[in-house]
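Let's go through this one by asking how each label is earned. Have a look at the sequence and the fold before we start.

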Amino acid sequence: MLAEIITIGDEILIGQIVDTNSAWMAGELNNIGIRVKQISSVSDDRLHILTALAEAAGRADIILVTGGLGPTKDDITKKTIAEYFNVKLVENKEALDNVSAIFARYNRPLLDVNRLQAQVPENCEVILNKNGTAPGMWFSEGGKIYISMPGVPHEMMYMMEEDVLPRLKSSLKLPVIIHKTILTVGEGESFLAERIADIEDSLPSYIKLAYLPKLGQVRLRLSAYGEDEAFLKEKVNEFSAKIIERVANVVAAEEDIPIEKAILDFMTEKGLTLSLAESCTGGYISHLITQHPGSSKVFLGGVVSYSNGLKESVLGVRNETLEQFGAVSRETVTEMAEGALLNFKSDYALAVTGIAGPDGGTPDKPVGTVWIAVATTNKILAKKLTFGNKRRQNIERSAIAALNMLNTLLHDS
């Protein structure tokens, strides 16, 4: 069973907003055994939308559309879908009652333009929007299913979870799709592929291996397709175990989670705490950690010591260390980590200092030079890395490399 996702809106095509809807929808559809064939973004243009719908119907069994259902003149999705099916727009009582109730709840008058939200193509089944005024619409035409939903993410997600996904699951015979993801850090995809080439070659036809690279990381995803869930799980686990054993030195997690979440889970289980001393990463590592619920069980706090003065006054880095070796050095990053341990009284500390760029480099310390240190009360490791001249990439690479070093020390301790 194949699906296609169409997102509608000029704001997506000009980069004003990021299309997060499609990624979320694709994941949810995949979880219930529906494979997404294609994702398209189209403008608020009648002919463009009509063409996209017709082309999608030629490729997929289920077409999901988001966006263009608002009350303003630039929202033309409903009228265009009605034209696509050659039907009229009619007022739906349930949708009108829903809109009226929302405006009454906030003691606001129901304007004519808002009343128009209750108009839908006459051949659709309405999906009530419990978080907004634009109803969703379900069409079964020509052996295809078309579903139109609002583009506002929380409205779309509620409809998908409460109505669309349960109905798809109950009305369609769907296959089983099993995924297993292994997170590796510190080794490129080509090197990984070479190391596990024989395992990949031995995969049966119903299991595929995908390499999903990101700065400093590669996720290895095994995907199995079939009817027997227990059998598929057994075979996926069998091959994932072989891969994990082969590349154990770079495995950070055996599930589809980011490295900082894997670290948090491990440290929570062990009752360990962490503090940070960041310079060139500017708090980015702290952000990665604190975005996860429960991080306060592990993360005590940190300092962004961008200036040498703060490195001295807050972290206790010695003035003579900075004068002799500079802020970007083994000696400085070591004292930063030691200062974080002392000041925050944590079990582990992580420190980063470097030159993010695009300027500030010297012949002996070019842009992209980064020193990282991880420390406990009885052990400290420091490492120099050299990246490129792209500031954002240098910050991200530094953060992932630092977390990888921490992860390694945690498991070696």
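A salt bridge here is a side-chain nitrogen of Lys or Arg within 4 Å of a carboxyl oxygen of Asp or Glu. This is a predicted model, where local features need pLDDT of at least 70 and side-chain atom pairs count only at pLDDT 80 or more, while totals for chains, interfaces and linings use all residues. Residues are numbered from 1 along each chain as its sequence is written, and side-chain values use heavy atoms, with hydrogens and water left out.

Q: What makes glutamate 227 and lysine 173 a salt bridge?
A: Their side chains meet at 3.8 Å, N to O, and the cut-off is 4 Å, so the pair counts. Glutamate 227 sits in the loop between E11 and helix H10 (229-246), and lysine 173 in the loop between helix H7 (153-171) and E9, 54 residues apart. Helices (H or I, at least four residues) and strands (E, at least two) are DSSP runs, numbered from the N terminus.

Q: Which other side chain does glutamate 83 meet in a salt bridge?
A: That's arginine 46, at 2.7 Å, N to O. The pair links distant parts of the chain, with glutamate 83 in helix H4 (residues 77-85) and arginine 46 in helix H3, 37 residues apart. A search of the whole structure turns up 14 salt bridges.

Q: Why is glutamate 83 called partly exposed?
A: Buried means under 20% relative accessible area, exposed over 50%, and partly exposed in between (1.4 Å probe, protein chains only). Glutamate 83 has 37% relative accessibility, so it counts as partly exposed. Arginine 46, at 39%, earns that label too.

Q: Why does glycine 58 count as exposed?
A: Its relative accessibility is 68%, and the bar for exposed is over 50%. This glycine belongs to helix H3 (residues 46-59).

Q: How far apart along helix H11 are aspartate 265 and lysine 261?
A: They are four residues apart in H11 (residues 259-270), so about one helical turn separates them. Their side chains meet in a salt bridge of 2.7 Å, N to O. Aspartate 265 is partly exposed at 32%, and lysine 261 is partly exposed at 23%.

Q: How do you know that E9 and E12 pair?
A: Two strands pair if DSSP finds at least two bridges between them. E9 and strand E12 (residues 251-253) have two bridges, in the antiparallel sense, so they meet the requirement of at least two. Threonine 184 stands opposite valine 251 in E12. E9 also joins strand E11 (residues 217-226) through ten bridges, running antiparallel.

Q: What makes strand E9 mostly covered?
A: Nine of the ten residues in E9 (residues 176-185) are buried.

Q: Why are E2 and E6 called edge strands?
A: Six strands form an open sheet in the order E2-E1-E3-E8-E7-E6, with mixed pairing. Strand E2 (35-42) and E6 each pair on one side only. Strand E1 (residues 2-8) joins E2 through seven bridges, running parallel, whereas E7 and strand E8 (residues 144-149) pair in the antiparallel sense over five bridges.
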